[in-house]
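Got your viewer open? Here is a short tour, stop by stop, with something to select at each one.

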Amino acid sequence: MKRVADIIREHHDAIVRLWTAEATRAASARGLDEPELKNIMPTYLASLATGEPLGVATAMRRKHVESHVAARLRQGFHVAEVVEEFALLGRCISMMWSTAPREARPDVAEVEQLFIELHGASAAVIELFSEHMRDDEQTEKRYLRLIQNVASEALEVDAASLRERLVEVLELVMEGLGAQGGLLLLNEPEQREFVMVASAGVAQEALARYVSTLETMPLAAQVPGLTGDEGTSAEDAEATVLKVDEDLHRSGIQALLGLRLATHHALIGVMCVGLAEARDFTARERRRLESLGEQLTVHLDNAKLYSDLRAKVAALQSERELRERFVSVLAHDLRGPLSAAKMGAQLLIRRPETLDERRDLARRIDQNIERTDRMVRDLLDANLIRAGRRLALQLAPCDLDVIARDVIEELSLLHGERFLLVAPEQQVRGNWSADQLRRALWNLVSNAVKYGASDAPITLIVARTEQGACVSVHNEGRMIPRADQQTLFEPFTRTRSAREGLAKGWGLGLTLVWGCARAHGGKVTVVSEESTGTTFTMELPPDSAPYQPRE
C-alpha cells in the first residue's frame with residue numbers, strides 16, 4: 001500500500017488543479033483570479049507530504065493555515081466558506097486513489113489521520129475567525145468610543161461645533177477601515193442640495209468633483225433613494241460599492257464605498273471612503289462602515305435636535321424680552337397723548353362756560369385721541385401680519401402720486417422743505433386702498449428722516465411699470481447692514497443703529513409697509529449701499545381686487 005504523503009507528492013499538481021476547478025465554481029471564489037484563489041493552499045498541500053505524521057498539526061502547517069485564513073479575511077470570505085475549502089481539499093486528495101487498485105491505496109488508518117489533520121485545520125480556521133471577530137469587535141468598539149468622545153466634546157460647546165470636528169470623525173472612520181480617502185456630505189433641505197462638510201486623505205479634490213452636484217453625481221444613481229427623501233428609513237442605510245471614474249483612478253482611488261446616513265424620518269447625509277488598491281470591499285468592511293455610520297448619524301441627528309431646541313429657547317427668550325420691552329414702550333407712548341387729552345377734558349369740565357373760547361384745547365384733545373387710536377390700529381395690524389393674515393383693504397380708484405404729495409406736505413410741516421417728489425405728468429392710478437398706502441408711505445418717509453443724512457434731500461419717485469406701479473423712497477446716509485436687511489420687515493424689529501440712535505419707535509413701521517404691499521398683491525424691497533444710500537421700493541399691481549381674500 002502507498003502512503004498518503006507519497007500520493008500527494010506524486011499528484012500534487014493534479015490535486016491543485018482539481019481543487020482550483022472546484023473552488024472556482026464556488027460562490028466564494030467570485031471576483032478572484034487564479035493566483036488569489038490558490039493563495040498558499042498548494043504550499044499547505046505540500047506540507048502534508050513532508051513525511052511528518054498526519055493528525056498532529058505541526059507549527060509549519062499551523063502557520064500555513066493562519067496565512068490562508070488571513071488572506072481569506074482580506075478577501076471577505078465567511079468562516080464556513082474557508083472550512084469548506086479544506087473539506088474540498090480532502091475530497092480532491094481522496095479522488096487520487098478512488099479508482100486505483102487496492103495495493104495502490106493508503107490504508108484506512110492513514111486516511112483517517114489525513115482527515116483528522118484536515119479536521120484540525122478546519123477547527124483552526126474557526127478558532128482564527130473567532131479570534132479575529134473578537135479583535136474586530138474590540139477595534140470597532142474603540143472607534144465607536146472615539147467618535148462618541150468627539151461628538152460629546154463638541155456638543156458640550158454647541159451643536160455647530162460638531163460640524164467643525166467632522167474631519168476628525170471622517171479620519172477615524174477611514175482609519176477604522178484602512179481607507180486612504182474619504183468624503184462626508186450633509187443634506188441641507190433648505191438649500192435642496194448636499195453640502196460637502198469634510199474630506200480627508202488622498203483625492204480630496206477628485207472626490208469633491210465626483211459628488212459636486214446631486215443631479216449629476218453617480219452617487220445619486222447608485223445609492224438607492226438618494227434623490228428623494230420620501231420613504232427614507234434606517235434600513236436603507238446600507239453600504240454600496242460605487243463606480244470609480246477615471247478622475248478618481250488618476251487621483252489614487254481605485255475602490256469606493258458609499259453609505260447613506262439616514263434616520264427613520266430623513267436622509268441626513270452621505271459618506272464615502274476610498275481605497276488606493278483595486279479590490280472588493282469585504283463584508284467586514286461594509287459592516288464596519290455601516291456601524292460607524294450609524295453612530296455618526298445618531299450624533300448628527302442629536303446635534304440638529306439640540307440646535308433646533310436651542311434656537312427655539314432663544315426665540316422664546318427673545319420674544320419674552322421683546323414683549324416686556326414693548327409693554328414698557330407702549331405704556332410710555334400711550335401715556336403722553338392720553339394724559340394730554342385727560343387734562344384738556346378736565347379743564348373743559350371745570351369751566352364749561354368758556355367752551356367757545358377754548359376751541360384750540362378741544363382740537364388738541366381730538367388730535368391726541370386720534371394719535372392714540374392710530375397707535376392702537378398700528379399694533380392690531382402688526383399682530384394681524386405676524387399671525388400670517390392679510391390686512392383688510394377698502395379698495396377704490398386712487399392716485400399714487402396724489403397720496404405721495406399729501407404725505408410730503410404733511411411731513412414738510414414738521415421737517416421743512418427737504419423732500420423731492422418725482423412723478424410722471426399723467427397721474428398713476430389704480431384700484432388700491434388710499435389709507436393703507438398713505439400710512440405705508442408716511443412710515444417710509446419718516447424712517448428716511450430718522451435714519452438718513454440730515455443734510456441731504458429725501459426723494460420720492462412715483463412711476464408706472466409693466467406690472468402696474470411703484471413708489472420709491474430714497475435717502476443718503478449710512479447703509480443698513482446686510483444682516484439687518486434680512487429681518488427689517490419682521491414685527492418689533494429695529495436695526496442696531498436704530499436701537500443705539502436717538503430716534504425711538506416700536507419697530508412696526510416697516511412691518512406695516514410689508515403688510516400693505518402684500519395685501520395689495522405687491523411687494524416691498526430694500527437696496528442699501530454705503531456709496532448710494534438706501535432705497536425702499538413698493539411695487540403694486542394695477543388692480544388689487546383679485547388679491548383680496550374671499551369672504
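Leaving aside its neighbours within four places in sequence, which residues is G182 in contact with? Select G182 and look around: the list is L170, M174, S199, A200, L207, C272 and V273. Keep in mind as you click that this is a predicted model.

**Stop 1: G182**

You'll find G182 in strand β1, which covers residues 181-188. Is G182 buried or exposed? Its relative accessibility is 1%, so G182 counts as buried, the cut-off being under 20%. Now add M271 to your selection. G182 and M271 are 89 residues apart along the chain, yet their C-alpha atoms are separated by 7.5 Å.

**Stop 2: A203**

Next, go to the loop between β2 (193-201) and α10 (204-210), where A203 sits. Check the backbone here: phi of A203 is near 60 degrees, a positive value in a residue other than glycine. Most residues other than glycine have a negative phi. A203 has a relative accessible area of 13%, so this loop residue is buried.

**Stop 3: V4**

Now jump to helix α1, residues 4-10, and pick V4. How much relative accessible area does V4 have? The value is 0%, so V4 is buried. Show what V4 touches, again not counting residues up to four places away in sequence: L54, P106, E110, V111 and L114. Then put a distance on V4 and S94: C-alpha to C-alpha they are 9.1 Å apart, with their positions 90 residues apart in sequence.

**Stop 4: α15 against α16**

Time for some helix packing. Select α15 (residues 400-415) together with α16 (residues 434-451). The axes of α15 and α16 are 9 Å apart, and the two helices pack at an angle of about 45 degrees. That angle makes α15 oblique to α16. In this pair, α15 passes α16 in a right-handed crossing.

Turn on side chains to see who meets whom. From α15, bring up L400, I403, A404, D406, V407, E410, L411 and H415. Their partners in α16 are A434, L437, R438, L441, W442, V445, S446 and V449. Colour this contact by class and you get eleven nonpolar, two polar and three charged residues.

**Stop 5: α16 against α19**

Keep α16 on screen and swap α15 for α19, residues 509-519. At what angle do the axes of α16 and α19 cross? It is roughly 140 degrees, and the axes come within 9 Å. The result is that α16 is oblique to α19. Here α16 passes α19 in a left-handed crossing.

For the side chains, select Q436, L437, R439, A440, N443, L444 and N447 in α16. These meet G509, L510, L512, V513 and C516 in α19. By class, that contact has seven nonpolar, four polar and one charged residues. L437 is worth a second click: it is among the α16 residues that meet α15, and it is also listed in the contact with α19.

**Last stop: zoom out**

Show the whole chain as a cartoon, and there are 19 helices and twelve strands to scroll through. Of the 551 residues, 43% count as buried. Switch on the surface: the accessible area comes to about 30,200 Å², and 52% of that belongs to carbon and sulfur atoms. Finally, think about contacts with a separation of 6 or more: residues 24 or more positions apart account for 68% of those.

How values were computed
Residues numbered from 1 in each chain as written. Predicted model: local features only at pLDDT ≥ 70, side-chain atom pairs only at ≥ 80, totals over all residues. Heavy atoms only, no water. Axes fitted to C-alpha atoms, helices over the stretch in contact; angles between N-to-C directions. Helix = DSSP H or I, 4+ residues; strand = E, 2+ residues; numbered from the N terminus. Parallel < 35°, antiparallel > 145°, perpendicular 65-115°, else oblique. Left-handed = near helix turned anticlockwise from the far one by under 90°. Contact = heavy atoms within 4.5 Å. Nonpolar A, V, L, I, M, F, W, Y, C, P; charged D, E, K, R; others polar. Buried < 20%, exposed > 50% of the residue type's maximum accessible area, 1.4 Å probe, protein only. Areas by Shrake-Rupley, 256 points an atom, 1.4 Å probe, with all protein chains shown as cover.
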